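Trainee: I'd like a close look at just one part of this protein: the largest pocket. Please walk me through what lines it, and then follow the parts that line it a little further out.

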Amino acid sequence: MHAETTPERDLVLSRLIPAPPRLLYRAWTEPDLLRRWFAPAPFRVTEAEIDLRPGGATRIVMEGPDGTAYPSAGVYLELVPDTRIVFTDAYLRAWEPSPKPFFTGIVTFAPEAGGTRYTATARHWSEADRAAHAAMGFHEGWGRCADQLAALAATL
């Protein structure tokens with residue numbers, strides 16, 4: 001299932017990363033690797049739990065420089081090894097609805113020109129949620145994380 005982009009609700013980050021898709025997929029799906037790049041510095045990931053299967057829960061805790069913790073929970077909807085990851089915060093775990101769903105993440109890894117076309121889409125429930133995420137610094141934060149992902153992949 002590959003829905004078309006919905007510009008009024010989507011924020012999209014795309015980068016060409018000089019690493020094969022399998023390494024980027026690993027960095028997204030292995031907790032020890034995810035901790036090393038997923039939060040935009042100077043934030044850091046202090047906890048990463050991954051039940052890697054459709055319907056499996058994910059829980060990530062980011063910590064800010066002041067020590068404030070930012071937990072996020074969700075479930076995987078689709079996993080295509082080395083190709084695609086779809087997750088959502090609409091559910092917290094085991095199909096337990098979230099009190100306030102915000103977005104569904106669609107991450108793709110496509111071979112291109114000696115590397116991978118990495119595309120991360122945040123599909124929001126509403127145009128207001130999209131605007132709020134953009135104002136929070138989606139492109140800057142997710143862009144910094146993509147740079148950190150590329151740096152990590154170069155070491156694998």
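Mentor: First, a bit of vocabulary: helices (H or I, at least four residues) and strands (E, at least two) are DSSP runs, numbered from the N terminus. This is a predicted model, so local features need pLDDT of at least 70 and side-chain atom pairs pLDDT 80 or more, while totals for chains, interfaces and linings use all residues. Residues are numbered from 1 along each chain, and side-chain values use heavy atoms, without hydrogens or water.

Now the pocket (on a 1 Å grid over the protein atoms alone, an open set of points where a 1.4 Å probe fits, with protein on both sides within 12 Å along at least five of seven lines). The largest one holds about 980 Å³ of space, counted as the space filled by probe spheres set on the points. It has 32 lining residues, and Met-62, Ser-72, Phe-103, His-133 and Trp-142 sit closest to its centre; lining means having an atom within 4 Å of a point. Strands β3 (57-63), β4 (69-80) and β5 (84-88), plus helix α4, each give at least two residues to that lining. β4 has the largest share, with six. Sorted by class, the lining has 23 nonpolar, seven polar and two charged residues (nonpolar is Ala, Val, Leu, Ile, Met, Phe, Trp, Tyr, Cys and Pro; charged is Asp, Glu, Lys and Arg; the others, Gly among them, are polar).

Stay with β4 and β5 for a moment: Asp-82 is in the loop between them. Although not a glycine, Asp-82 has a positive phi of about 65 degrees. Most residues other than glycine have a negative phi.

Next, follow α4 (residues 138-153) to helix α1 (residues 21-29): their axes come within 10 Å and cross at roughly 115 degrees. That makes α1 roughly perpendicular to α4 (a label for angles of 65 to 115 degrees). Leu-23, Leu-24, Ala-27 and Trp-28 of α1 meet Leu-149, Leu-152 and Ala-153 of α4, with contact meaning heavy atoms within 4.5 Å. By class, this contact has seven nonpolar residues, no polar and no charged ones.

Technical notes
Axes fitted to C-alpha atoms, helices over the stretch in contact; angles between N-to-C directions. Parallel < 35°, antiparallel > 145°, perpendicular 65-115°, else oblique.
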